[in-house]
Amino acid sequence: MTEAFYLPLDESAPGGSAVAGVYRSTGHTRGPWDTRHQHAGPPTALLGRAVERLGHAPSPGLLARATVEVLAPIPVADLRVEAHVLREGAKVALCEAQLYAVARADHSPHADDPDPGVPVARMLAWRLRTTRDPLGVPDTPVAAPPDGDGVELPRPENWGGGYVDAVEWRWVDGEFERPGPATVWTRLRVGVVDGEEPTPVQRVLAVADSGSGVSAVADPGSLYFVNTEVSVHLHREPVGDAIWMSAESVLDPHGVGMARSTLGDRHGGVGGGAQTLFLDRR
C-alpha cells in the first residue's frame, strides 16, 4: 500500500485563481464507522491543500480559518477537487474548495454511491496576509505544549484501522478507551498526496477532525458520534511534523453533541478546532 492518503491522477498547476485535480483514495483514508467511507481528516487536508495551491490571495499569507461541511459520507473513491478564489484581495481572500466522488477506488459500483455531479464535502477558507516584521502588538498568552512526548498505546479493535493506523498517537493525558478530555501528540505516518511532504497546515487539518475521537465519552462500538462539519482557526503558521491537540466532547442525551480542541506544535498553541456531532445508536 502506498504511503499516502491519496494518489494524484491528474491535477492543474498551482498558482491560478482556480485549481483542480483528481486523486485516488487509498486504504489509509478509511474511517471507523464504515470501511466504505473515509475519516474526514484526509479529505479536510486534501481540500486545504487545494486552497494552499491557489494564487490571487495574500502572499505571504495564512489559512486562518477553514470550515468543512461534510455533505455526504465520503467514499473510499477516486475524488475530484475543485478550488477557486471567491473574494480576491491583497490583505484577505475568501476561498472555496469542493470535493466530488468520481468512482470507487476498487471501481465496484454500490447502490449508495453519491452523484458525481454533487459535492460530498465543501471547504470555505479565509487566507489572511501575514507580515515579516512584527507589528508591535501586546504579547498575549497562548497554550503551552504538553509536557513530554506522550505514550503510544495499542489501538482497540472497535477503533478500526485505516486512518487511525496512518497517524501516530502519543497520549499525554487520556487513552483510546478512557472516556473524557484528552491531550495527545500526533504525527502523520503517511503523506497527504503521494510524492510530496505535507505542509504543517495540512498536518493540522489532517488531525483536527479527530478531536471528537480522542476525547470520546461514549464507546464507538455502541454509539455513533459523527461530525457534520469541522472548523479550524489558526492564529499562526504551524511548524514541524508533530501536532498536539487537547480536546473535550459534550454529548446531549437527545442526540446532539460538540467537540472542541486546542491545537499546537512544539512552540505552543497555533489555534483551535470545533465539531458538531450527530449521535445515534449503532
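**Cavity, aromatic contacts and strand pairing**

A search of the whole structure, which is a predicted model, turns up one cavity of 30 Å³ or more. The volume of this largest cavity comes out at about 40 Å³. Its walls are made by V19, A20, G21, Y23, L46, R49, A50, R53 and V81. Sorted by class, that lining of the largest cavity breaks down into six nonpolar residues, one polar residue and two charged ones. As for where the lining comes from, strand 2 and helix 1 each put in at least two residues. Strand 2 is the biggest contributor to the lining of the largest cavity, with four residues. A general point about this kind of search: rolling a probe the size of a water molecule over the atoms reveals where empty space is left.

Next come the aromatic rings. The count of aromatic pairs comes to five. Take F5 and Y163: their ring centres are 6.1 Å apart and the planes meet at 25°, which is under the 30 degrees cut-off, so this pair counts as stacked. F5 belongs to strand 1 (residues 4-11) while Y163 belongs to helix 2 (residues 163-166), so the contact ties together parts of the chain that are 158 residues apart in sequence. Both F5 and Y163 are buried. The two also belong to one aromatic cluster, formed by F5, Y163 and W169.

Another pair is W33 with Y224. Here the ring centres lie 5.4 Å apart and the planes are at 55°, so the pair is classed as tilted. This one again links distant parts of the chain, 191 residues apart: W33 is in the loop between strand 2 (18-25) and helix 1 (41-52), and Y224 is in strand 11 (residues 223-234). In terms of accessibility, W33 has a relative value of 23% and so counts as partly exposed. Y224 is partly exposed too, its relative accessible area being 27%.

Rings also turn up with charges over them. The charged end of R266 sits over the ring of W185, at 4.1 Å from the ring centre. Similarly, R80 lies over the face of Y100, and the distance to that ring centre is 4.3 Å.

On the strand side, strand 11, the one that holds Y224, is joined to strand 14 (residues 268-281) by eleven bridges, and the two run antiparallel. Within this pairing, S231 has A274 of strand 14 as its bridge partner. Strand 14 also pairs with strand 13 (residues 256-265), once more in the antiparallel sense, over ten bridges. One of the matches here is A259 with Q275, the latter in strand 14. Strand 13 and strand 14 make a hairpin, with two residues between them. As a rule of thumb for reading such pairings, side chains in a regular strand alternate between the two faces of the sheet.

Finally, there is helix 3 (residues 200-208). Eight of its nine residues are buried, so helix 3 is largely enclosed by the rest of the structure. The buried residues of helix 3 are V201, Q202, R203, V204, L205, A206, V207 and A208. For orientation, an α-helix has 3.6 residues a turn, so residues three or four places apart point the same way.

Methods. Residues numbered from 1 in each chain as written. Predicted model: local features only at pLDDT ≥ 70, side-chain atom pairs only at ≥ 80, totals over all residues. Heavy atoms only, no water. Phe/Tyr/Trp six-rings, centres within 6.5 Å; stacked < 30°, edge-to-face > 60°. Buried < 20%, exposed > 50% of the residue type's maximum accessible area, 1.4 Å probe, protein only. Lys NZ or Arg CZ within 6 Å of the ring centre and 35° of its normal. 1 Å grid on protein atoms, 1.4 Å probe; cavity = no way out; pocket = protein on both sides within 12 Å on 5 of 7 lines; lining within 4 Å. Points joined across faces, edges and corners; volume = space filled by probe spheres on them. Nonpolar A, V, L, I, M, F, W, Y, C, P; charged D, E, K, R; others polar. Pairing = 2+ DSSP bridges.
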